[in-house]
Amino acid sequence: MINNSYLLGLYGGTTDTSSLFGAQTSAQTSQGAAKAKQTQPTAPWSSKATTAPKASDMVRAALGGRRIVDESAVNLDLAGASADYRKLFATYQALNTLSALADRANVKGLSAAEAGQVAKRFASGLAELSDYLKTSKFEDLRLVQGVSQSKVKTGFAQEKAPSSFVTQPIHDGALSDPVKAFEGDVKFAMTIRTAVGTRSVDIDLSDMGATPRTMDNVIAHINDSLENAGVATRVGREAIEVQPKTIKSGGKTITLPAGPDQWALKIWGGVGETVGFTAAAASDAVYVTQGVGAKGAGQLLKFQADGGAAPAAQQGVDDPFWVADRVGHTDLPDGVAAVRASATAPDGSVWVVADLTEGLDNQPIKGARDVALMKYDSAGNLTQTKLLGAAGSANGFSIAVDADGRVAVAGSVTGALEPSKSGDVATVADSFVTVFDDTGKELWTQRRGAKAADEATEVRFGDDGRVYVAGRAKSAMPGQAALGGWDSYLQTFEERPLTVIGPVAGVNVSTLQFGSSGDDSVQAMTVSGSDLYTAGVENGRAVVRRFTLDAAGIPTLAATRDLGLLSGSVAGVSVENGRVVVTGQTDNAALDAGTVTNPHAGGTDVFVASLSGDLQAGAGDRLTYFGGSGNDTAADVKIKDGKVWITGTNRDAGASKTDPTRAYLARLDLASGAVEYNRTWRGDGDQVTPTSLSIAEGGASVLDRLGLPQGEIMQAESKLLTVATAARVGDQFSISPAGGGRAVTVTIDAKDTLDTLAKKIMTASNRQLKATVITDSKVVPPVQRLQIVAADNKAGAVISAGAVGKDALAALGLSPGFVGNTADKSIKTFGLNLANTLNLNDPASIKAATEALAQAMTAVRSAYRALGPQTTPQTNSQTGKGASTAYQQTQLANFQAALNRLSA
């Protein structure tokens with residue numbers, strides 16, 4: 001005869017299966033069997049529960065305003081049962097209600113209005129449950145929203161002050177071979193800055209005479225010069241490990257062999273010495289951002305403009321798609337989903353605005369998509385990344401750099417950006433503009449939007465320092481009237497302190513909405529003195545507008561020029577020598593923009609229109625088309641010294657989206673329309689799409705071939721958390737006692753660093769936690785992280801995420817939950833692993849929320865079993881350790897049902 005206890009024990013259970021099927025509340029058979037003794041209150045998920053609510057009733061009650069967590073609605077059918085059951089069942093019912101809301105959001109044909117109501121109630125209900133879990137005190141177990149760990153470390157890590165600098169590879173082959181990068185007239189200077197001043201050390205390889213210019217010989221020559229100058233800085237070499245590389249070209253997949261050894265220069269700064277590089281012979285540099293391959297992987301390219309005094313450009317090491325004049329290329333980090341804008345800074349570096357769908361190394365993002373402001377030096381080294389810190393989703397569309405180094409970024413954001421501010425509708429995109437100082441520190445952010453969707457597409461600084469933002473909106477902007485469809489808008493922001501001693505803020509002093517009854521958008525904008533010009537598409541037509549700015553920066557429409565049906569887009573508008581220059585792409589071979597200097601060649605061509613400053617048609621107006629018989633695009637345009645630089649793509653006539661695409665960089669003479677310069681190139685998989693262009697005057701030199709940047713190297717990164725992470729001033733998390741009770745809030749301040757945050761954590765935990773800044777030497781270069789453990793002989797504490805839109809844990813890469821002795825058998829900890837960022841904004845989010853809620857309810861069931869009489873160990877079902885698996889539990893249920901039928 002089969003022993004029931006033995007059979008069930010194989011699956012981690014006992015003959016008391018009330019935890020799976022509910023407490024036995026009636027006679028098991030009608031044949032006089034003794035009634036089983038009830039040891040636990042009947043669980044709300046049990047088949048024996050008599051008051052299980054319907055999903056539709058839960059949704060109706062939630063939308064009607066009933067609390068998501070309600071202990072008073074819990075009925076315990078066992079006298080003297082622990083109060084833990086009431087709290088546990090209230091938690092389960094809250095999860096069940098949230099799950100019902102998620103299911104409702106997933107119903108096909110749900111109206112937009114109801115979907116918005118359901119999503120909003122889900123968000124508030126999740127926040128209600130989060131607050132409840134922070135303060136609920138259980139007696140015989142611990143239930144946390146996050147997970148249970150003995151030690152946590154921040155995902156964010158900060159590089160220690162660098163002591164050396166390694167260039168990109170500049171030589172491949174034997175060390176005894178002459179280095180191509182050292183050929184010709186190689187002259188530059190190394191600057192050594194100390195507390196007493198700056199010394200310049202001239203390096204001229206012609207001084208080597210007939211000595212072969214190998215790596216070691218040149219390094220010895222440089223070090224001799226440094227030693228003679230009496231400085232401690234030295235130069236060496238470093239081997240770069242080479243890996244085989246696979247590329248696609250011409251429809252074929254090509255695997256490039258690992259190739260010969262590669263070598264880079266390495267610079268060690270002396271103690272108290274800051275090293276920099278300069279080169280007297282320079283030319284202009286043109287930077288192009290692009291996406292390559294099927295996934296659009298981001299790259300930053302650098303070209304040396306013709307003319308100037310810099311030596312001729314050379315092909316660098318490991319550059320399979322090199323084209324003449326290209327002096328550098330850099331792969332953007334993984335996680336970059338899009339790059340739409342870039343601009344050069346006064347120091348010659350390049351700011352790139354990128355959208356991230358995952359955090360960079362050691363720099364996590366808060367939400368699903370964030371905007372990153374990334375700074376590259378002239379050698380293509382990423383020197384700084386500043387995250388916007390959006391809790392939901394954000395996109396960056398435009399950038400502007402002022403003469404004083406300030407940087408403005410504009411775009412759209414959905415969900416919270418500034419703490420506790422999610423816009424009028426949390427699921428609808430709003431416009432934002434953020435201004436940073438030249439170090440990447442945020443000065444101010446403004447979020448202003450319509451009731452419907454809107455986005456900021458252009459941002460510029462005025463000569464007076466004001467910030468001008470243009471964009472489009474689907475409904476009325478504040479103080480304006482909607483005209484129909486998407487409307488264009490223009491806003492003016494002025495920096496001024498809101499209080500006598502307070503920091504500066506961006507104050508909106510003007511908003512103007514304009515356009516047609518159709519769909520309109522501003523796609524380019526420029527400010528020239530007291531004139532502001534916009535160019536874009538209004539109801540399908542290319543329209544240029546001129547606004548005059550008064551002393552307060554308030555715009556007034558002065559003139560409008562309609563260039564005709566566009567069938568394309570506008571890439572840029574500039575003012576050059578009093579002429580307004582509009583560039584874009586069009587199918588229209590007869591735009592109304594003056595005398596045609598180069599005719600339309602067919603398909604889609606690039607156009608450059610030169611108009612009078614007052615936008616009145618005149619004899620001096622010129623229209624130049626550029627392109628071939630296929631489709632040619634203009635991604636971005638810049639004008640310098642009467643020359644128009646354009647980048648975009650070429651496609652053959654009749655080509656599909658998957659056919660090969662070529663990129664180009666061209667320069668046209670504005671007066672004649674002549675094409676003076678044109679470079680084309682391919683990319684990985686024969687797919688390449690330039691996205692932005694910027695010009696650095698004097699930014700190219702012999703330093704490029706040496707992998708050395710202009711300016712100082714090894715600059716220490718800011719230690720401020722609000723600069724180095726996605727955390728914003730006012731972001732929070734809380735710490736509560738391990739056994740439950742009042743939570744203490746930790747708030748991020750403008751001056752917080754990892755060190756100050758560690759002190760705040762220990763204070764907030766009442767010394768139950770020990771927080772220290774540790775060095776992680778497992779990565780190169782070594783970085784510093786914040787580590788949190790239970791203090792010696794202490795119980796630990798529970799760390800909980802802040803409210804949606806102001807959660808600091810996500811920005812720091814810290815997991816919420818219990819931190820303490822997880823091996824303690826006296827009290828079991830169960831983690832729901834329920835993120836505060838769950839939402840019902842789209843199908844993917846609904847699916848993720850549904851799955852997370854199901855796992856959380858499983859954890860509650862595990863906690864319920866742990867409260868009952870135990871004959872086998874029970875642990876959190878989320879880990880699967882020390883208990884039966886889900887499969888085994890299903891088999892257990894099947895066996896018990898069969899045994900019940902046999903008993904009957």
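In what order do the four strands of the open sheet run, and is their pairing parallel or antiparallel? Keep that in mind for the first view; note that everything shown here comes from a predicted model.

**View 1. A four-stranded open sheet, with strand 43 at one edge.** Going across the sheet, the order is 16-15-14-43, and the pairing is antiparallel. Strand 16 (326–331) and strand 43 (688–701) are the edge strands, each pairing on one side only. From one strand to the next, the twist averages 20°. Now zoom in on strand 14 (residues 282–292), which pairs with strand 43 in the antiparallel sense over ten bridges. If you'd like one pair to look for, try Val 292: its bridge partner in strand 43 is Val 688. As a bit of background, strands of a sheet pair through backbone hydrogen bonds, either parallel or antiparallel.

**View 2. The hairpin of strand 17 and strand 18.** Here strand 17 (residues 336–344) and strand 18 (residues 350–356) pair in the antiparallel sense, with seven bridges between them. Find Ala 341 and look across to strand 18, where its bridge partner is Val 353. The hairpin has five residues between the strands, and in this hairpin Gly 348 takes a positive phi near 90°.

**View 3. Two loop residues with a positive phi, Leu 615 and Arg 767.** Most residues other than glycine have a negative phi. Leu 615 goes the other way, with a phi near 65°. You'll find Leu 615 in the loop between strand 36 (605–612) and strand 37 (622–626). Is Leu 615 buried or exposed? Leu 615 counts as buried because its relative accessibility is 2%, and the cut-off for buried is under 20%. Arg 767 also has a positive phi, near 65°. The place to look for Arg 767 is the loop between helix 8 (754–764) and strand 47 (769–776).

**View 4. Asn 836 and its polar contacts.** Asn 836 sits in the loop between strand 51 (828–831) and helix 10 (843–867). Even in a loop, Asn 836 counts as buried, at 10% relative accessibility. So what does its side chain meet? A polar contact of 2.6 Å joins the side chain of Asn 836 to that of Gln 145. A polar atom of the Asn 836 side chain also lies 2.9 Å from the backbone oxygen of Gly 802. Leaving aside neighbours within four places in sequence, the residues in contact with Asn 836 are Leu 126, Ser 130, Gln 145, Ala 801, Gly 802 and Val 804. For a sense of scale, pick out Val 500: Asn 836 and Val 500 are 336 residues apart in sequence and 37 Å apart in space, C-alpha to C-alpha.

**View 5. Thr 511 in strand 28.** Strand 28 covers residues 504–514, and Thr 511 is part of it. Thr 511 is buried, with a relative accessible area of 12%. Its side chain makes a polar contact of 3.2 Å with the side chain of Asn 508. Beyond the neighbours within four places in sequence, Thr 511 is in contact with Arg 448, Met 477, Pro 478, Gln 480, Leu 490 and Gln 491.

**View 6. Ala 470 in strand 26.** Strand 26 spans residues 467–473, with Ala 470 in it. Ala 470 counts as buried, at 1% relative accessibility. Setting aside neighbours within four places in sequence, its contacts are Ala 456, Thr 457, Glu 458, Tyr 489, Leu 490, Val 522 and Met 525. Leu 490 may ring a bell, as Thr 511 is in contact with it too. Ala 470 and Arg 460 are ten residues apart in sequence and 8.9 Å apart in space, C-alpha to C-alpha.

**View 7. The largest cavity and its lining.** How many cavities of 30 Å³ or more does the structure hold? There are eight, and about 100 Å³ of space lies in the largest cavity. Of the 14 residues that line the largest cavity, Ser 136, Arg 142, Ala 738, Gly 739 and Gly 740 are the closest to its centre. Helix 5 (112–135), strand 1 (141–144) and strand 45 (732–737) are the elements that give two or more residues to this lining. The largest share, three residues, comes from strand 1.

Key:
Residues are numbered from 1 along each chain as its sequence is written. This is a predicted model: local features need pLDDT of at least 70, side-chain atom pairs count only at pLDDT 80 or more; totals for chains, interfaces and linings use all residues. Side-chain values use heavy atoms; hydrogens and water are left out. Buried means under 20% relative accessible area, exposed over 50%, partly exposed in between (1.4 Å probe, protein chains only). A polar contact is a pair of N or O atoms within 3.5 Å; within protein, one must be able to donate a hydrogen and the other to accept it, and residues adjacent in sequence count only if both atoms are side-chain atoms. Contact means heavy atoms within 4.5 Å. Two strands pair if DSSP finds at least two bridges between them. Axes are lines fitted to C-alpha atoms, for helices over the stretch in contact, and angles run from 0 to 180 degrees between N-to-C directions. On a 1 Å grid over the protein atoms alone, a cavity is a set of points where a 1.4 Å probe fits but cannot get out, and a pocket is an open set with protein on both sides within 12 Å along at least five of seven lines; lining residues have an atom within 4 Å of a point. Grid points are joined across faces, edges and corners, and a volume is the space filled by probe spheres set on the points.
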